[in-house]
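The exercises that follow are meant to be worked with the sequence and the 3D view side by side. Each task is followed by a solution that goes step by step.

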Amino acid sequence: MFDFLTLDDVDVKEKTVFLRVDINSPLDPASKRILDDSRIKATEATLKDLKEAKTVIGAHQSRPGKYDFTNLEAHTRVIQMYHNGKVKFVEDIDGQKAQNAIKALKPGEVLVLNNLRMHKDENLDAPPEKLAETGLVKTLAPFFDLCVNDAFAAAHRGSASLTAFGEVMPMVAGKLMEKELSALNKVIYNPPRPTVYLLGGAKVDDRLPVINRVLKDKIADHILIGGLIRDSFHMASGAMPDRFAMLKEEDKKLVNEAGAILKKYKKNIELPIDVALDTKGGRIEVLTSQITDETNIYDIGLNTVAKFSKFIREAGTVVAEGPLGMFERRGFDVGTKELLRVMSEANGYTVVGGGHMGGLASMLGIDDKMKHVSTGGGAMLSLLAGEELPVIEAMAKAKKKWGKTP
Ligand code: 3PG
């Protein structure tokens with residue numbers, strides 16, 4: 001079980017609180033509009049609990065170099081929409097502008113700092129005690145009495161704002177963190193069998209170790225694969241040797257990793273039997289064995305939808321993370337949406353994770369038919385795979401260090 005303090009253990013009245021949330025959201029590539037605001041909406045329960053505190057929100061959006069690496073102005077407007085109180089954005093993180101804005105806060109007010117990953121210290125990977133020595137933590141910490149960590153979706157990351165404030169002040173879990181961990185506990189301890197994992201998305205390097213681990217430890221009985229992970233497994237099975245030769249070294253490594261998994265756990269892994277290609281703007285389905293070029297595959301095919309649906313219907317537990325295809329593209333959302341619908345009607349304990357899948361479930365109006373919709377993608381999978389999550393470790397360490405203060 002988890003061992004950390006929560007908001008119920010502390011008095012936040014008139015305290016200045018650093019609230020770390022994960023509001024990293026899918027953005028439209030052209031307009032940069034927020035496509036799904038579920039993670040932002042999920043901050044509401046904690047903000048309500050902090051209504052007598054002066055709250056400074058720290059969060060990230062994407063990573064440097066990516067198209068969706070933006071400031072948090074639009075996110076702030078959405079927080080304001082859901083929150084019954086004054087919410088301001090400051091285009092600064094730890095500079096004079098941010099410091100003045102923090103000092104000017106009154107109880108009940110909320111200040112959102114800029115995208116923390118715009119600060120070099122937030123992009124360092126080091127143990128919390130080292131990160132506590134960074135300029136970011138040293139500059140901001142004197143302004144805060146307490147850190148509330150509600151960034152469940154980033155709990156598998158160990159950056160300064162996520163783990164290091166607990167070294168220098170009390171750190172407790174927020175409401176969302178508590179809710180997520182208690183719902184996911186049911187899947188961690190004795191999940192109803194068989195357990196089926198439906199995995200897609202683009203973060204192949206993150207997902208392969210998780211697949212390996214849940215199979216090695218017999219946490220998952222069947223893994224159904226779509227999204228970009230499918231490419232690695234497909235090539236690993238010996239398909240398209242010419243295309244493999246053209247891959248970048250890091251992608252070759254992923255294919256080899258997928259190959260090693262396939263070799264050990266072939267009977268637990270279900271790959272698509274057909275896929276949908278985008279040919280001159282239209283959806284055309286072909287058998288996986290007929291694929292000659294992986295770059296124009298945008299969805300799983302309907303035979304695969306039928307095959308995967310059977311596993312989902314017969315499962316005791318279903319965990320889904322990451323879209324099966326490029327659902328943003330017209331006509332290529334079929335596989336992902338159809339399998340979400342099947343999940344919503346299934347009898348097992350159904351958990352949907354990750355920004356995209358949660359957003360789609362709510363768009364389809366079936367989110368309340370799932371047993372749990374998690375704001376976490378990688379964090380949820382790492383937790384279910386039995387990994388130690390840096391944020392949870394940091395909160396446990398903070399409890400030992402600080403007890404119930406302030
Ligand atoms: C997520 O969306 O999974 C979290 O916000 C972490 O983002 P990252 O994968 O860019 O670290």
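Contact, as the word is used below, means heavy atoms within 4.5 Å. The structure is a predicted model, and every value below is computed from it.

**Exercise 1. Describe the place of F165 and list the residues it is in contact with, leaving aside neighbours within four places in sequence.**

Step 1. Locate the residue: F165 is found in helix α7, which covers residues 160-168.

Step 2. Judge its exposure: the relative accessible area of F165 is 0%, and because buried means under 20%, F165 is buried.

Step 3. Apply the contact criterion: once neighbours within four places in sequence are set aside, F165 is in contact with F18, V137, L140, A141, F144, C147 and A160.

Step 4. Add a distance: F165 and L50 lie 115 residues apart in sequence, and their C-alpha atoms are 18 Å apart in space.

**Exercise 2. Carry out the analysis for T317, and find which backbone oxygen lies 2.6 Å from a polar atom of its side chain.**

Step 1. T317 has its place in strand β13, made up of residues 317-321, and with a relative accessibility of 1% it counts as buried.

Step 2. Not counting residues up to four places away in sequence, T317 touches V187, P191, P192, P194, T195, V196 and Y349.

Step 3. The backbone oxygen in question belongs to P192, and it lies 2.6 Å from a polar atom of the T317 side chain.

Step 4. For a distance across the chain, take L50, which is 267 residues from T317 in sequence, with 35 Å between the two C-alpha atoms.

**Exercise 3. Examine the salt bridges: how many does a search of the whole structure find, and how exposed are the partners E270 and K307?**

Step 1. Side chains of opposite charge can pair when their charged atoms come close.

Step 2. The search of the whole structure finds 28 salt bridges.

Step 3. One of them joins E270 and K307, whose closest N and O atoms are 3.2 Å apart. This pair links distant parts of the chain, since E270 belongs to strand β9 (residues 269-270) and K307 to helix α13 (residues 302-314), with their positions 37 residues apart in sequence.

Step 4. E270, at 14% relative accessibility, counts as buried, whereas K307, at 22%, counts as partly exposed. Salt bridges that share partners also join D8, D49, K175 and E178 into one network.

Step 5. Turn to D206 and R207, which form a salt bridge with their closest N and O atoms 3.8 Å apart. Here D206 is partly exposed, with a relative accessible area of 23%, while R207, at 5%, counts as buried.

Step 6. The side chains of K216 and D217 also meet in a salt bridge, at 3.6 Å from N to O, and D217 counts as partly exposed at 37% relative accessibility.

**Exercise 4. Characterise the surroundings of the ligand: which residues surround it, and how much of its area does the protein bury?**

Step 1. The ligand is surrounded by D22, N24, R39, H60, R63, R117, A153, R157 and K203.

Step 2. Sorted by class, this shell has six charged residues, two polar residues and one nonpolar residue.

Step 3. Polar side-chain atoms come to oxygen atoms of the ligand at 2.7 Å in the case of R63, at 2.8 Å for an N or O atom of H60, and at 2.9 Å in the case of R117. Taken alone, the ligand exposes 310 Å², of which the protein buries 92%.

Methods: Residues numbered from 1 in each chain as written. Predicted model: local features only at pLDDT ≥ 70, side-chain atom pairs only at ≥ 80, totals over all residues. Heavy atoms only, no water. Near = heavy atom within 4 Å. Polar contact = N/O pair within 3.5 Å; in protein donor to acceptor, adjacent residues only side chain to side chain. Areas by Shrake-Rupley, 256 points an atom, 1.4 Å probe, with all protein chains shown as cover. Nonpolar A, V, L, I, M, F, W, Y, C, P; charged D, E, K, R; others polar. Salt bridge = Lys/Arg side-chain N within 4 Å of Asp/Glu carboxyl O. Buried < 20%, exposed > 50% of the residue type's maximum accessible area, 1.4 Å probe, protein only. Helix = DSSP H or I, 4+ residues; strand = E, 2+ residues; numbered from the N terminus.
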